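Dear colleague,

Please find below the structure that I am handing over to you, with its sequence. My findings follow, arranged by topic.

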Amino acid sequence: MRIVELIARHVRIPLKKKIEHASHVRRENDTLVASCRLDDGSIGWGEGLPRPYVTGETIETALGQFSETDWRSQLADDFDSLADVVSLCEQIKLAGSPAGEQRDCFGHSVRCAVELSILDAVGRATETPLSQVTALVPESMPIREARDEVRYSGVITAMGGIKKTIRAAAMRLYGFPDIKLKVGMDGANDPAAVALMRRVFGPDRDLRIDANEAWTCDNLEDKLRPLLPHGISSVEQPVPHAAVDGLAKIRPRLDVPIMLDESLCGLDDGHRAIERGTCDLFNLRLSKCGGYINSLKLAALAHNAGLGYQLGCQVGETGILSAAGRHFATSVGGIRWVEGSYDRHLVKERLTIEDLTFKSGGRAPALTEAGLGVNIDHAAVERVTLREEHRPIG
């Protein structure tokens, strides 16, 4: 087999409703969608979501990095198996990051989109589901676990009290095993909101919070103190990334586990968090973390260090990333919580013919077809594409 062409597309995905949290308000997504064509005609698809406040990327830098990367010299050789392609993807070198960039996550949306497109194409050609990649990454050995089903979390974003009540009641009736509540918005009464969620969602179900960098190391304990009596299972990214090292001193005094998100975007971040003792949990998001393979390595890194991890998602993922996340969630053990597959509820264009939205109870089955296990709605892709960059390979 041989890769003959890569295409990167800037697509704009409108959301069905405004999504708001302490770091951003979003009504649409500027998304990077990649496709990979093999010499046998197999075509695979991938997706990445640039976030300037997370990995430093914009859709413009993502397209620029894709255009400047020397794909031909890295991808032109023949290969015989999916295992060969996993090794190939691990060795991809993207064009340089901006001056002064210190973290290893710049370019992760590009890496994720291209990697998934290659793995999908080769999976289709070899009739192998993406989930089989988990068994081909040596680091993943201690966390491999095949499952027939996954259960997704409910997420409640910033909204008024009445809407929160209705949403929490609906999620309880729907049977979600756990929910995440966004906190930290200016002017919001977080203690009242958490108390409301606990009262409506019920005393026995899992409730965690996400502050999206809203607090500081100086006020974190005061912010958390009135929330803890309501049984919070974790607090996600309570302080800005620039202040995250300060969590090392505060963490032993807290009665709730800390999860890193914006401060956990790559393997360097993971090693740093473990060495400095800044968290108890990693939030893995495929695009943010640089793709399927990097996310596997981060999960294994957390496991080996005695930390927990969840599989998160980024707001407005289409069916492409929903499918990739499903493969990850049904082939990796020990995932504390799983987020994603909100397709029908959130995006106006899911880009896949299949609807991967979770069912009652947040349940969703494993995908067993080749590659990502979904078919692309080409008319939908054409509707939302604003720009394309073609790169012939071989």
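**The largest cavity**

The residues that line the largest cavity fall into three classes: 5 are nonpolar, 5 are polar and 3 are charged. Please note that this is a predicted model. The structure contains 1 cavity of 30 Å³ or more, and the space in the largest cavity comes to about 80 Å³. Its lining is made up of 13 residues, and those nearest the centre of the cavity are Gly312, Glu317, Leu321, Gly325 and Glu339.

Which helix supplies the largest share of this lining? Helix H11, residues 319-329, does so with 4 residues.

**Helix H11 and its aromatic contact**

Helix H11 is mostly covered, as 11 of its 11 residues are buried. Among them are Leu321 and Gly325, two residues that also lie nearest the centre of the largest cavity. Arg326, His327 and Phe328 are likewise included among the buried residues of H11.

Across the whole structure, a search finds 7 aromatic pairs. One of them joins Tyr292 and Phe328 in an edge-to-face arrangement, with 5.5 Å from centre to centre and 75° between the planes. Because Tyr292 belongs to helix H10 and Phe328 to helix H11, the pair ties together parts that are 36 residues apart in sequence. Are these two partners buried or exposed? Tyr292 is buried, with a relative accessible area of 0%, and Phe328 is buried as well, also at 0%.

**A second aromatic pair and a cluster**

Tyr342 and Phe358 also form an edge-to-face pair, with centres 4.9 Å apart and planes at 90°. This pair links distant parts of the chain, 16 residues apart: Tyr342 is in the loop between strand S12 (335-338) and H12, while Phe358 is in the loop between H12 and strand S13 (363-365). Phe358 has a relative accessibility of 2% and therefore counts as buried. Both Tyr342 and Phe358 belong to one aromatic cluster, together with Tyr152, Tyr174 and Phe176.

**The largest pocket**

The volume of the largest pocket is about 700 Å³. It is lined by 37 residues, and Val155, Thr157, Val315, Tyr342 and Leu346 are the closest to its centre. Tyr342 is thus named in this lining as well as in the aromatic cluster.

Two or more lining residues come from each of S1, helix H5 (161-174), strand S6 (178-182) and helix H12 (343-346). H5 gives the most, with 4 residues. By class, the lining of the largest pocket comprises 14 nonpolar, 10 polar and 13 charged residues.

Val155 may also serve as a reference point for Gly373, which is placed in the loop between S13 and helix H13 (378-384). Gly373 and Val155 are 218 residues apart in sequence, and their C-alpha atoms are 26 Å apart in space. Gly373 counts as buried, at 16% relative accessibility, because the cut-off for a buried residue is under 20%.

**The second largest pocket**

The second largest pocket has a volume of about 380 Å³. Of the 20 residues in its lining, Ile92, Asp104, His108, Arg111 and Asn294 lie nearest its centre. Helix H3 (82-90), helix H4 (108-126) and helix H10 (292-304) are the elements that give two or more residues to this lining. The class counts for the second largest pocket are 7 nonpolar, 6 polar and 7 charged residues.

Helix H10 therefore appears in two of the topics above: it contributes to the lining of this pocket, and it holds Tyr292, the aromatic partner of Phe328 in H11.

**An antiparallel sheet**

In general, the strands of a sheet pair through backbone hydrogen bonds, in either a parallel or an antiparallel manner. Here, 4 strands form an open sheet with antiparallel pairing, in the order S3-S2-S1-S14. Strand S3 (43-48) and strand S14 (385-392) stand at the edges with a single partner strand each, so one side of each has no neighbour in the sheet. On average, neighbouring strands in this sheet are turned by 25° against each other, direction ignored.

Which strand pairs with S14, and over how many bridges? Strand S1, residues 3-20, pairs with S14 in the antiparallel sense over 7 bridges. Within this pairing, Ala8 has Glu389 of S14 as its bridge partner. Strand S1 is also one of the elements that give two or more residues to the lining of the largest pocket.

With kind regards

Technical notes:
Residues numbered from 1 in each chain as written. Predicted model: local features only at pLDDT ≥ 70, side-chain atom pairs only at ≥ 80, totals over all residues. Heavy atoms only, no water. 1 Å grid on protein atoms, 1.4 Å probe; cavity = no way out; pocket = protein on both sides within 12 Å on 5 of 7 lines; lining within 4 Å. Points joined across faces, edges and corners; volume = space filled by probe spheres on them. Nonpolar A, V, L, I, M, F, W, Y, C, P; charged D, E, K, R; others polar. Pairing = 2+ DSSP bridges. Axes fitted to C-alpha atoms, helices over the stretch in contact; angles between N-to-C directions. Buried < 20%, exposed > 50% of the residue type's maximum accessible area, 1.4 Å probe, protein only. Phe/Tyr/Trp six-rings, centres within 6.5 Å; stacked < 30°, edge-to-face > 60°.
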